Amino acid sequence: MRVILDCDPGIDDTYAIIFLTAAAHAGLIELDCVTTTSGNVPADQCAQNAGWILGLCGLPIIPLAAGLPAPLEVELTTTPETHGATGLGYAEAPARHVEHDWDTLWIDSIERGTDDLHLIVTGPLTNLAAFAHAHPEHFAKLRHITVMGGAVHYPGNTTPSAEWNFWVDPHAAADVFAMTPTPITLCSLGVTERMLLTPAALAELVEKLGGSPLAEYLEDITRFYFEFHDEVGEGYQAQIHDLLTALIALDLVDAAVEETTVDVEADSELMRGTSVADLRGIWEREPNVRLVTGADVDAAWERFAWACGVHAKVAAGDAEIAELRHQRADD
Ligand code: BDR
Ligand code: CA
C-alpha cells in the first residue's frame, strides 16, 4: 500500500506522521509524499513542522511540499490557541527551505497507479479541492481517499455545528464531496473525539520510544494540547483525531462504516462548514461517503504503541528493522 499524507501539523497530525513513518519503516506502507495544507497554522509552517517530525522519525528523505497558502474563497484562520504559536505546542521546528510543488508530487504518485494508493487528508480540504478543479482526470483516478473532518449530526468543535477542518475551508469541503466519483471514507468528530490520550498513557508511549529522538519532544508537543482541551472543558487529556484517521485509512483498526451522501454548507455565516448526511436517502443522490460511525480506539492505541516500539528499534539500528527495509527495497 502506498500513501500520500496531506496534513496541517498540528499536534494530532504529528501523531499521524509518527504512525505512518513507523509503518513505512516496518514495510507496511510506502509513504510516497507528505504535503501540507493551511489550517492549524499556515501551510509553509506546517511543512517546516512536518519536515522536522519526518527527520525525528528517521525519514527526512520523504518528498515534502507546502500546499496552498489560503482557503479557496474565505480568508485563512489559524488556531494557535489549540496547537501553539507555530503548531507544535511547546516545541518549535527549525526553519527550513520549503518546496511548493505539492501537486506535482501528487501527480507523480497517481501516475504510479492508484489501486494501492491511499490519500489521507487530516487538514482542511483546500489542496484536494484545488486539485480536483485543476487536474480532474488525476482526481478521478483516486480510489482510496480518507478524510478527517466534519461533525455529522454531532456538536461541532468550532461552531455549534461545524468541525474545524470543514469550517476553515467550507467551499473546499463542499466541492470535494460534490465532485468525488468515489465514496470518501469520512472520519468525523463523533468518532475521532473518542481517540483520547491521557498524560499517563503519553508517559508510557514516550517510554516505548526508547532512544528515538522523538522521545525528547513528544511531551513538549502534547502538553499544550492537554492544556487546550482542559481549558475548553474536555479535561486534561487530548483528542488525537488525525492518528485515528490514519489508522482507519490503513484498515488497521475495526471500524463500522455506513455509505451515505454528505454535503457541506459553505455560504451561510451561521452554518459555515456544517456537514449533513442524508441518512434516509431523501436527496436521492449517489453515496459520496463511507461514514465511519464507530472504531476500536483501544486497538488504535495498541497500534500506536507498536509504532513507538518501531521508532525505538530504528533509533537503535535494530537488525530486524534493517531487514524489513531491505526486503522492501528488493520488492
Ligand atoms: C481537526 O482540527 C485540527 O485542529 C486537528 O488537527 C484535526 O485535524 C479536528 O477538528
Ligand atoms: Ca489536522
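Student: Are Asp 8 and Asp 13 buried or exposed?
Tutor: Good place to start, and keep in mind that this is a predicted model. A residue counts as buried when its relative accessible area is under 20%, and as exposed when that area is over 50%. By that rule, Asp 8 and Asp 13 are both buried.

Student: Which residues coordinate the calcium ion (ligand 2)?
Tutor: Look around the ion for the donor atoms, which lie at 2.2 to 2.6 Å from it. Asp 13 is listed twice, each time through OD, while Thr 122 gives its O atom. Asp 8 and Asp 242 each take part through OD. That gives you the residues Asp 8, Asp 13, Thr 122 and Asp 242.

Student: What spacing do these donors follow along the chain?
Tutor: Read the donors in chain order, starting at Asp 8 and ending at Asp 242. Each x with a number stands for the residues between two donors. The spacing for the calcium ion (ligand 2) is D-x4-D-x108-T-x119-D.

Student: How many residues surround ligand 1?
Tutor: Happily, you can find some familiar names here. Asp 242, a donor to the calcium ion, is also among the closest residues to ligand 1. Asp 12, Asn 40, Asn 157 and Glu 163 belong to that closest group too. The full count around ligand 1 is 13 residues.

Student: Which helices each supply at least two residues of the shell around ligand 1?
Tutor: Try tracing the shell back to the helices of the chain. One of them spans 11-25, another 164-168, and another 241-249. These are helix 1, helix 7 and helix 12.

Student: How much of the accessible area of ligand 1 does the protein cover?
Tutor: Let's begin with the polar contacts. A polar side-chain atom of Asp 13 lies 3.1 Å from an oxygen atom of ligand 1, and for a polar side-chain atom of His 83 the distance is 2.9 Å. The side chain of Asn 157 also has an N or O atom 2.9 Å from an oxygen atom of ligand 1. Of the 280 Å² that ligand 1 has on its own, the protein covers 97%.

Student: Where does ligand 1 sit?
Tutor: To decide this, ask whether more than half of the atoms of the molecule lie within 2 Å of the grid points of a pocket. Ligand 1 passes that test, and its place is the largest pocket.

Student: Which peptide bond is cis, with omega near -10°?
Tutor: Most peptide bonds are trans, so a cis bond is worth a look. Go to the loop between strand 1 (2-7) and helix 1, where you will find Gly 10. The cis bond is the one from Pro 9 to Gly 10.

Student: What is the relative accessible area of Asp 251, which has a positive phi?
Tutor: Most residues other than glycine have a negative phi. Asp 251 has a phi of about 60°, and its place is the loop between helix 12 and strand 9 (255-260). Asp 251 is exposed because its relative accessible area is over 50%, with a value of 64%.

Student: What is the relative accessible area of Glu 284?
Tutor: Glu 284 has a positive phi too, near 55°. You can find Glu 284 in the loop between strand 11 (275-277) and strand 12 (289-295). Glu 284 is exposed, and its relative accessible area is 73%.

Student: How far apart are the C-alpha atoms of Ala 312 and Gly 210?
Tutor: Start from Ala 312 in helix 13 (residues 297-315), which counts as buried at 18% relative accessibility. Along the chain, Ala 312 and Gly 210 are 102 residues apart. In space, their C-alpha atoms are separated by 4.9 Å.

Conventions. Residues are numbered from 1 along each chain as its sequence is written. Chains are lettered from A and ligands numbered from 1 in the order in which they are written. This is a predicted model: local features need pLDDT of at least 70, side-chain atom pairs count only at pLDDT 80 or more; totals for chains, interfaces and linings use all residues. Side-chain values use heavy atoms; hydrogens and water are left out. Donors are N, O and S atoms within 2.8 Å of the metal (3.2 Å for Na, K and Ca); water is not among the atoms, so sites may look incomplete. Buried means under 20% relative accessible area, exposed over 50%, partly exposed in between (1.4 Å probe, protein chains only). A residue is near a molecule or strand if one of its heavy atoms lies within 4 Å of it. A polar contact is a pair of N or O atoms within 3.5 Å; within protein, one must be able to donate a hydrogen and the other to accept it, and residues adjacent in sequence count only if both atoms are side-chain atoms. Accessible areas come from the Shrake-Rupley method with a 1.4 Å probe; for residues, only the protein chains shown count as cover. On a 1 Å grid over the protein atoms alone, a cavity is a set of points where a 1.4 Å probe fits but cannot get out, and a pocket is an open set with protein on both sides within 12 Å along at least five of seven lines; lining residues have an atom within 4 Å of a point. Helices (H or I, at least four residues) and strands (E, at least two) are DSSP runs, numbered from the N terminus.
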